[in-house]
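Trainee: I have a structure open and don't know where to start. Can we go through some parts of it?
Mentor: Fine, bring it up.

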Amino acid sequence: MKSILITGGAGFIGSHVVRLFVTKFPSYKIINLDVLTYAGNLENLSDIDKSPNYAFEKVNLLDVPELDRVFLEHGITDVIHLAAESHVDRSIEAPLDFVYTNIVGTVNLLNAAKKHWKEDLSKHLLYHVSTDEVYGALGATGFFTEETPYHPNSPYSASKASSDHFVRAYGETYDLPFVITNCSNNYGPYHFPEKLIPLFINNIIEKKPLPVYGDGLYTRDWLFVKDHARAIEVVFHKGKPGGTYNIGGFNEWRNIDLVKLLCKQMDEKLGNPAGTSDNLITYVKDRPGHDRRYAIDATKINKELGWEPSVTFEEGLSETIDWYLNNKKWLNNITSGDYQQYYNKMYHNR
Ligand code: NAD
Ligand code: DAU
């Protein structure tokens, strides 16, 4: 009987992973461990939180005795670790928050797994969810493969790179069974409106400027979040322990082109004349240390495990916009209160 601890399950990607596992595997017990920072929201799980195979634990990864209790009480057999501070701009403002949660929090989790799984390690797995940002920035050509050397450029990516190294080191040193995936930019429902796509959807709804950093020619590789959750399920069940897999959408967009597509779809859905939302585009001061381009070579996961994205970007973006337009209460709950302070601080003098 599997008892899987999913950390960060009240966040954006975590909530999709929790939903997938709770609904697809009724025989698994799913324990969602989350401290509920500004990014954690139990409303993300309101459709499944009464399921008999689901439990929630409001615990901080920095609280070692509480981690111990959760491992013991729930007989944790496996971990899927998503909890993190995840926003690059916040990491530039407050790097230490990222050191504590992403590095120290991950090491605390590794220690708990090592302590509680010492009987028969081969029956267990610690799955660490990481990012393509650990590889740094690409030039105009080429892709990140699993062999690309790490070269993190932001406090966020440096903290994620460090956590990846600790996971691998615990595998080598203590034989802890692990797998790591490094994924590209996700988008979809329940995305916190500090990140590009949900921020711009919200600003278009509110008729506020769309702050494009620098020259707008930065490039990201976008993956629909439900496809990432599917990939995590496949790697959890079939991935080679001790291995790493890159996950990506084969879907590169320059920011300005993506924003124009978003404006076009939003205008159509809102019944605005063509070009209405384009008029909100405003070029603002660049992000310091801004990585020029990310692009994932996802051949390994495709060839070894048969995973590939299931939707085109146009379909995924349309579903995402529809979700935000149909869930204004969710958006309003998030964007009232502290969010306004965050927004003013980050964008007022940009
Ligand atoms: P998110 O910010 O939406 O959610 C993070 C969750 O972690 C929140 O629910 C938060 O409450 C929880 N959390 C934070 N600190 C915690 C702590 N100390 N103890 C317990 N819980 C804590 O993040 P996301 O975008 O869903 O990303 C999830 C994971 O996937 C992260 O590890 C991130 O690095 C990685 N990732 C994200 C993307 C992306 O595009 N969003 C892409 C690749 C990898
Ligand atoms: O690549 C995976 C990473 O993708 C994840 O590990 C991170 O957790 C996730 O936040 C994301 O990082 P990015 O920095 O790429 O995402 P963000 O949405 O913040 O920015 C996407 C691009 O848009 C980036 O080039 C910066 C630009 N941008 C962003 C914001 C918030 C703007 O031009 N204006 C903005 O207001």
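Trainee: Is strand E1 largely enclosed or exposed?
Mentor: Strand E1 covers residues 3-7, and 5 of its 5 residues are buried, so E1 is largely enclosed by the rest of the structure. Buried means under 20% relative accessible area, exposed is over 50%, and partly exposed is in between, with a 1.4 Å probe and protein chains only. Strands (E, at least two residues) and helices (H or I, at least four) are DSSP runs numbered from the N terminus.

Trainee: Before I go on, what sort of model is this?
Mentor: It is a predicted model, where local features need pLDDT of at least 70 and side-chain atom pairs count only at pLDDT 80 or more, while totals for chains, interfaces and linings use all residues. Residues are numbered from 1 along each chain as its sequence is written, chains are lettered from A and ligands numbered from 1 in the order in which they are written, and side-chain values use heavy atoms, leaving out hydrogens and water.

Trainee: Back to E1. Which residues are on each side?
Mentor: Ser-3, Leu-5 and Thr-7 are on one side, Ile-4 and Ile-6 on the other, and both faces are covered.

Trainee: Which strand does E1 pair with?
Mentor: E1 pairs with strand E2, residues 29-33, in the parallel sense over 5 bridges. Two strands pair if DSSP finds at least two bridges between them. Ile-4 stands opposite Ile-30 in E2.

Trainee: New topic: helices. How do H4 and H5 cross?
Mentor: The axes of H4 (residues 95-116) and H5 (residues 155-174) come within 9 Å and cross at roughly 15°. Axes are lines fitted to C-alpha atoms, for helices over the stretch in contact, and angles run from 0 to 180 degrees between N-to-C directions. H4 and H5 are therefore roughly parallel to each other, a term for angles under 35 degrees.

Trainee: Which residues make that contact?
Mentor: Among them are Phe-98, Ile-103 and Leu-110 of H4, and Tyr-156, Phe-166 and Tyr-170 of H5. Contact means heavy atoms within 4.5 Å.

Trainee: What about Ala-229, where does that lie?
Mentor: Ala-229 lies in helix H7, residues 225-238. At 3% relative accessibility, Ala-229 counts as buried.

Trainee: And what does Ala-229 touch?
Mentor: Not counting residues up to four places away in sequence, Ala-229 touches His-16, Val-17 and Leu-20. Ala-229 and Arg-19 are 210 residues apart in sequence, but 9.2 Å apart in space, C-alpha to C-alpha.

Trainee: Last one: is Arg-90 buried or exposed?
Mentor: Arg-90, in helix H3, is buried, with a relative accessible area of 19%.

How values were computed:
Angles under 35 degrees count as roughly parallel, over 145 as roughly antiparallel, 65 to 115 as roughly perpendicular and the rest as oblique.
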